[in-house]
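Work through the exercises below with the sequence and the model side by side, and try each task before reading its solution.

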Amino acid sequence: MTKEELDRRLAAYEKAKKEFSETHKPVVCMNSACQREIQPGNAIYVVPFRDEIFCSTECLAEHYGGYVLEFDADDDDYESWFEKKELGE
């Protein structure tokens, strides 16, 4: 694919996203601690078969009592999710 083709596709995507945002209403994140408006065209995080949407993976996790862990060399909670390799593996 050429740069021109990529540029054309990106422009078409941005145009469709803009038109969608102008013709649709925002929705509210279903995490009761957040309830931020999700603007049309923004990403949504969906729980299948429950008709629930969230503005971020963090809100989805928090709604269900979960949380996000990112790597931290000093975080035993993060490390506990991974089994240590044996020597020679």
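The exercises that follow concern a predicted model, and each task is followed by a worked solution.

**Exercise 1. The overall layout**

Describe the order of helices and strands in the protein chain, and decide whether the chain is spread out or compact.

Solution. Begin with the count of elements: the protein chain has 3 helices and 4 strands. Next, place these elements in order along the sequence, where they follow the pattern α-β-β-β-β-α-α. The radius of gyration of the protein chain is 20 Å, well over the 12 Å that the globule rule gives for 89 residues, so the chain is more spread out than a compact globule. The box filled by the C-alpha atoms, taken along the principal axes, is roughly 55 × 45 × 25 Å. As a further step, consider burial, for which the cut-off is under 20% relative accessible area: buried residues make up 15% of the 89 residues in the protein chain. Finally, among contacts between residues at least 6 apart in sequence, 19% join residues at least 24 apart.

**Exercise 2. Nonpolar residues inside and outside**

Find the residues that make up the largest nonpolar core, and then find the residues that form a nonpolar patch on the surface.

Solution. Start with the general tendency that, in soluble globular proteins, nonpolar side chains are often buried together. In this model the largest nonpolar core has 7 residues in all, namely C29, I38, V47, I53, F54, C55 and C59. Take V47 as one of these core residues and set aside its neighbours within four places in sequence; V47 is then in contact with E52, F54, L60 and Y64. Now turn to the surface, where Y67, W81 and F82 form a nonpolar patch with about 450 Å² of accessible area together. One of the patch residues, W81, lies in the segment after helix 3 (76-79). Because its relative accessible area is 66%, W81 counts as exposed.

**Exercise 3. Salt bridges in helix 1**

Locate the salt bridges that K3, E5 and E22 form, and work out how the two partners of each pair are spaced along helix 1.

Solution. The structure holds 6 salt bridges, and three of the pairs are treated here in turn.

- First pair: the side chains of K3 and D7 meet in a salt bridge at 2.8 Å, N to O. Both residues lie in helix 1 (residues 3-23), 4 residues apart, about one turn of the helix. K3 is exposed, with a relative accessible area of 57%, whereas D7 is partly exposed at 39%.
- Second pair: the side chains of E5 and R8 meet at 2.7 Å, N to O, and because they are 3 residues apart in helix 1, about one helical turn separates them. E5 is partly exposed at 22% relative accessibility, and R8 is partly exposed at 49%. A network of salt bridges links E5, R8 and R9.
- Third pair: E22 forms a salt bridge with K18, with the closest N and O atoms 2.5 Å apart. These two residues are 4 apart in helix 1, so about one helical turn separates them, and both are exposed.

**Exercise 4. Positive phi values in loops**

Determine in which loops Q35 and D51 are found, and give the phi value of each.

Solution. Q35 is found in the loop between strand 1 (27-28) and strand 2 (37-38), and its phi is near 50°, a positive value in a residue other than glycine. D51 lies in the loop between strand 3 (45-47) and strand 4 (52-54), with a phi near 55°, which is also positive in a residue other than glycine. To complete the step, note that D51 is exposed, with a relative accessible area of 70%.

Conventions:
Residues are numbered from 1 along each chain as its sequence is written. This is a predicted model: local features need pLDDT of at least 70, side-chain atom pairs count only at pLDDT 80 or more; totals for chains, interfaces and linings use all residues. Side-chain values use heavy atoms; hydrogens and water are left out. Patches are made of residues with over 30% relative accessible area and no salt bridge: like charges are joined within 9 Å, nonpolar side chains (Val, Leu, Ile, Met, Phe, Trp, Tyr) within 5 Å. Accessible areas come from the Shrake-Rupley method with a 1.4 Å probe; for residues, only the protein chains shown count as cover. A salt bridge is a side-chain nitrogen of Lys or Arg within 4 Å of a carboxyl oxygen of Asp or Glu. Buried means under 20% relative accessible area, exposed over 50%, partly exposed in between (1.4 Å probe, protein chains only). A nonpolar core is a set of buried Ala, Val, Leu, Ile, Met, Phe, Trp, Tyr and Cys residues joined through side-chain atoms within 4.5 Å. Contact means heavy atoms within 4.5 Å. The radius of gyration is taken over C-alpha atoms; the globule rule is 2.2 Å times the number of residues to the power 0.38.
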